[in-house]
Number of protein chains: 4
Amino acid sequence: MDAVFEATIQVLLVFGPRRLTTTRVAERAGVSVGTLYQYFPNKQALFYALNERYLEALAERIECACLAQHGGPIETMIQALVDTYWKAKTERADVTRALYQSVAEIDNGPLIEAFGRRVDAATTAMFASSKTVVENLATVNLTLVTTIFGTVRSVFERNLRPAEGEAVRQELISMCVAYTAALGTPPAGTIVETSLASQERG
Amino acid sequence: MDAVFEATIQVLLVFGPRRLTTTRVAERAGVSVGTLYQYFPNKQALFYALNERYLEALAERIECACLAQHGGPIETMIQALVDTYWKAKTERADVTRALYQSVAEIDNGPLIEAFGRRVDAATTAMFASSKTVVENLATVNLTLVTTIFGTVRSVFERNLRPAEGEAVRQELISMCVAYTAALGTPPAGTIVETSLASQERG
Amino acid sequence: MDAVFEATIQVLLVFGPRRLTTTRVAERAGVSVGTLYQYFPNKQALFYALNERYLEALAERIECACLAQHGGPIETMIQALVDTYWKAKTERADVTRALYQSVAEIDNGPLIEAFGRRVDAATTAMFASSKTVVENLATVNLTLVTTIFGTVRSVFERNLRPAEGEAVRQELISMCVAYTAALGTPPAGTIVETSLASQERG
Amino acid sequence: MDAVFEATIQVLLVFGPRRLTTTRVAERAGVSVGTLYQYFPNKQALFYALNERYLEALAERIECACLAQHGGPIETMIQALVDTYWKAKTERADVTRALYQSVAEIDNGPLIEAFGRRVDAATTAMFASSKTVVENLATVNLTLVTTIFGTVRSVFERNLRPAEGEAVRQELISMCVAYTAALGTPPAGTIVETSLASQERG
DNA sequence: CATGAATGAGTGTTCATTCAT
DNA sequence: TATGAATGAACACTCATTCAT
């Protein structure tokens, strides 16, 4: 079973989503096609399960990391969040890349959506536990999570060199920290206006 | 020709990458398959051209927007950058989604890479023209661009509701502004340390 | 197209319904599988078309034969009917056998039903044109047609030797003639009672 | 064992010959596939046994019915023969239909042939015991049996409504009786000529 | 004996690509 | 140059059969 998932990733990386065949996956996993179809009713189910499993593990990991930061300072929270997500995506970059490709096989939209909401909940709870009171936490949290997710994705997509990726990771933390730090004190005279402020008026 | 590109996007959206066939694209474009193959030697070439064309237009648009901000305040630059990119991706969300799916057909990695570098150059030039001097501009710029690219992608991927997307867009601007504002004045006593500083020492 | 039908029959006879594959049919027909699928959307459609075409031709042939007998004596009508049907089924016994086997591929029930009704109509019209008035013509006709159809089928199914088949054919005519002849004069004192009589009373 | 046969029929009726699988049969019969293969070496053997068993039972039933009529009047014999066969086929119409479909799995030709010959023997003996002497009994008997077999089959195949089927059954008896009654007295001046006469001359 | 997971040859069907018209 | 019928390799999936437990 694990072998099948691993094989799927390998085939995805070596052959790409177009030339991934159930036969090839089975072969690589060291089982027969028939066996593959005893585990998964069809090809899509295999991909769905692969994504589900991956996102489940990732969600748990993030939830765990969030819980560990409860009550701490917001900067540490952000750093922990970025680091956890980044590490999870980076430590097995091949898996990450493979899963990005699996869009060709299934529409993992709903899975990603659910995953996002789940992480939102965990991080919101974490930030809410902070001593620093954040106004409009829902929006701020959504922004942080979406930004972090996206930046990691973009680092992969742009195929940044390791050093560049590392730099972006550290800067992302700074960015998020600066953002939350600035939340309470909007600098007067700026053109820029946060949605929080505008929404409060509107 | 344009009809073919448009048809490709439509078919991609309606049928998904798996059930996209050259015949269907040709049909939708109002030409015969044979004609399609006179324009493009094969299916991949069609997708390559589609992506290339799209990214070329997008790059130009961003370059243009950057040039317009030369010499201005950094906040306006950021706002312009985010707005331009966001608008480009949002105004034809269907195309954006379709192109995200085209990974199944071609590995657009190199195209995206090149596109990123080109945007980097344009934004770096823009930021360099600002009165505010930014230390370690390359890294800062890379972070900004990568973050902006990624966040937009993530908004699509997470399928955020329009209001949420809008909120994230505005907050992203705040975030980038706060980040650049904080660059000159690293708050003492923080755990967080920017990669710039650490790299300068390392 | 005709080649495909012919090939289907050949493959059906040589390999049987289980080992009939679209590839084999195409091969035998001298075309590629792809071409086969341009004529017929799927395997079942091929079989449906084959049956439809065959039954259509057969129905026309019978209708034609029936028309030719209009106004004649009933004995000649019966002989013509049996002979026409018998000849049609026998002259290409391979086709007949092949079609009997195609039940495995499609449920040709509706086709057969419609064919039967169509023949019923033709024969009823023919018998109605006879000088001999037949009471309860609908039932008599149904019996004649059903019996003739069935007997031919049974001769094939039982794999009777040619001489036996021929004998049965001739006797079947006698039987049908004797039946119609006896219709007007039910022999007194018989245990047997025709449904006509019983229905007339009931 | 009986459960397996019953299950086979059920699966045949519900899924049709194409989607009948050994696994499904085993499942329905409440045993494992392995067990199924201990009873029957392969799928064909199962079908062969099913047909054999059915035809054996049917033959016995007919033989029995024939014996019961020995020495009686020919009309009663015919009625008994038709009724016995008709009832056997009709009382479990589902089984009858299922067996008609099993042609896809095995060529039951030889079984049917043997069955026919066996019935021929039984009915010939019966008719021979009648007080009425039938000339050319072999041919007459073959005709009667073949006609009866076929008519029943045709009633199923044409999917006649119950009332129609019943009418045909009664008329079939009349027909056979009329046929045998007319055997001794060939009506002068008819075009029709029985094969008996023609063969005797030829 | 009974089980049912594992096997893999075989099948229906698709679709990128070609080429005669 | 445009066409679209023809091609056939490739694929997802099935199912009769085996055999370790």
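**Protein chains around a DNA strand**

In this predicted model, a polar backbone atom of B:T22 lies 2.7 Å from a phosphate oxygen of DNA strand E. Several secondary-structure elements give two or more residues to the surface near the strand: α3 (33-39) of chain A, α3 (33-39) of chain B, α3 (33-39) of chain D, and both α2 (22-29) and α3 (33-39) of chain C.

Other contacts also reach the phosphates. A polar backbone atom of A:S32 is 3.1 Å from a phosphate oxygen of DNA strand E. With D:T35 the side chain is involved: one of its N or O atoms is 2.5 Å from a phosphate oxygen of the strand.

Now take the surroundings of the strand as a whole. DNA strand E is surrounded by 27 residues, and the closest are A:T35, B:T22, C:Y37, C:K43 and D:T35. Of the strand's atoms that come within 4 Å of the protein, 69% belong to sugar and phosphate. By residue type, the surface near DNA strand E consists of 14 polar, 9 nonpolar and 4 charged residues.

The next topic is how two of the protein chains are arranged. A turn of 179 degrees, with a shift of 0.0 Å along the axis, lays chain D on chain C with an RMSD of 0.1 Å. Chains C and D are therefore related by a two-fold axis. The C-alpha of chain D nearest this axis belongs to D:G150, at 1.9 Å.

Which surface do the copies use to meet? Of the interface residues of chain D, 96% are also interface residues in chain C, so the copies meet through the same surface.

Terms used. Residues are numbered from 1 along each chain as its sequence is written. Chains are lettered from A and ligands numbered from 1 in the order in which they are written. This is a predicted model: local features need pLDDT of at least 70, side-chain atom pairs count only at pLDDT 80 or more; totals for chains, interfaces and linings use all residues. Side-chain values use heavy atoms; hydrogens and water are left out. A residue is near a molecule or strand if one of its heavy atoms lies within 4 Å of it. A polar contact is a pair of N or O atoms within 3.5 Å; within protein, one must be able to donate a hydrogen and the other to accept it, and residues adjacent in sequence count only if both atoms are side-chain atoms. Helices (H or I, at least four residues) and strands (E, at least two) are DSSP runs, numbered from the N terminus. Ala, Val, Leu, Ile, Met, Phe, Trp, Tyr, Cys and Pro count as nonpolar, Asp, Glu, Lys and Arg as charged, and the others, Gly among them, as polar. Copies are superposed by least squares on the C-alpha atoms of residues with pLDDT of at least 70 in both. Contact means heavy atoms within 4.5 Å.
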